[in-house]
Amino acid sequence: MNEQSLQILVLDDEPIVGKRLTPALIRHGFDVEFFETPTAALARLDEKQFDIIVTDLRMEEVDGIQVLERVMATCDNTRVILITGYATVEVARE
């Protein structure tokens with residue numbers, strides 16, 4: 001592993017997202033960890049600092065906005081990318 005590669009956490013409750021996105025990011029030299037449950041991802045955030053978090057907006061237990069709020073409160077240098085299959089104007093405003 002390259003010590004300077006970006007550390008990326010991907011969180012999506014749809015396994016296909018991890019199956020597609022994780023290998024693509026790894027091919028570009030990023031260090032990627034994929035989680036299907038917000039609980040596991042948030043527990044990992046307590047253990048490790050990530051440069052980027054890519055998270056689904058809509059999930060059952062914890063939604064992407066709650067993940068964003070947690071990261072903003074605890075990880076000053078981490079950037080969050082929200083993704084969704086439910087693109088609407090209201091979602092964009094949120």
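The questions and answers below go through a predicted model of one protein chain.

Reader: In what order do the elements of the protein chain run from the N terminus on?
Author: The model is predicted. Its secondary structure comes to four helices and four strands. From the N terminus on, the order is β-α-β-α-β-α-β-α.

Reader: What share of contacts between residues at least 6 apart in sequence joins residues at least 24 apart?
Author: The protein chain has 94 residues, and 37% of them count as buried. For contacts between residues at least 6 apart in sequence, the share that joins residues at least 24 apart is 64%.

Reader: How much of the accessible surface belongs to carbon and sulfur atoms?
Author: The accessible surface of the protein chain comes to about 6100 Å². The part that belongs to carbon and sulfur atoms is 51%.

Reader: Which element gives the most to the largest nonpolar core?
Author: In soluble globular proteins, nonpolar side chains tend to be buried together. Here the largest nonpolar core has 13 residues, and those with the most contacts inside it include Leu9, Leu45 and Val71. Two or more residues come from each of β1 (7-11), α2 (38-47) and α3 (64-74). With three residues, the element that gives the most is α2.

Reader: Which residues are named in the other core?
Author: This other core lies apart from the largest one. It has six residues. Among them are Val10, Leu25, Val32 and Ile52.

Reader: How many residues of strand β3 are buried?
Author: Strand β3 spans residues 52-56 and is mostly covered. Ile52, Val54 and Asp56 point one way, and Ile53 and Thr55 point the other way. Both sets are buried. The count for β3 is five of five.

Reader: What is the bridge partner of Leu9 in β3?
Author: β1 and β3 run parallel and are joined by four bridges. In β3, the partner of Leu9 is Ile53.

Reader: What is the handedness of the crossover from β3 to β4?
Author: β3 and strand β4 (residues 79-83) run parallel, with five bridges between them. Asp56 stands opposite Ile83 in this pairing. The chain crosses from β3 through α3 to β4, and the β-α-β crossover is right-handed.

Reader: Is Glu33 buried or exposed, and which side chain makes a polar contact with its side chain?
Author: Glu33 lies in strand β2 (residues 31-35). The cut-off for buried is under 20% relative accessible area. Glu33 has 17% relative accessibility, so it counts as buried. At 3.0 Å, its side chain makes a polar contact with the side chain of Lys48.

Reader: Which residues is Glu33 in contact with, leaving aside its neighbours within four places in sequence?
Author: One of them is Arg44, and another is Phe50. The full set is Ile8, Leu9, Val10, Arg44, Lys48 and Phe50.

Reader: Why does Val62 count as buried?
Author: Val62 lies in the loop between β3 and α3. Leaving aside neighbours within four places in sequence, it is in contact with Pro38, Leu42 and Val67. Its C-alpha atom is separated from that of Thr39 by 7.8 Å, though the two are 23 residues apart along the chain. Val62 counts as buried because its relative accessibility is 18%.

Reader: Which residues does Val67 touch, not counting those up to four places away in sequence?
Author: One of them is Val62, the loop residue between β3 and α3. The full set is Leu11, Ile53, Thr55, Met59 and Val62.

Reader: Which backbone oxygen does the side chain of Thr78 reach?
Author: Thr78 lies in the loop between α3 and β4. Thr78 is buried, with a relative accessible area of 7%. Leaving aside neighbours within four places in sequence, its contacts include Gln49, Asp51, Ile53 and Val71. At 2.6 Å, its side chain reaches the backbone oxygen of Phe50.

Reader: Which side chain does a polar contact join to that of Arg70, and at what distance?
Author: Arg70 is found in helix α3, and at 26% relative accessibility Arg70 counts as partly exposed. Arg70 and Leu42 are 28 residues apart in sequence, with 8.5 Å from C-alpha to C-alpha. Leaving aside neighbours within four places in sequence, Arg70 is in contact with Leu42 and Asp46. The polar contact joins the side chain of Arg70 to that of Asp46, at 2.5 Å.

Methods
Residues numbered from 1 in each chain as written. Predicted model: local features only at pLDDT ≥ 70, side-chain atom pairs only at ≥ 80, totals over all residues. Heavy atoms only, no water. Buried < 20%, exposed > 50% of the residue type's maximum accessible area, 1.4 Å probe, protein only. Contact = heavy atoms within 4.5 Å. Areas by Shrake-Rupley, 256 points an atom, 1.4 Å probe, with all protein chains shown as cover. Core = buried A, V, L, I, M, F, W, Y, C linked by side-chain atoms within 4.5 Å. Pairing = 2+ DSSP bridges. Right-handed = clockwise from strand over helix to strand, strands pointing away. Polar contact = N/O pair within 3.5 Å; in protein donor to acceptor, adjacent residues only side chain to side chain.
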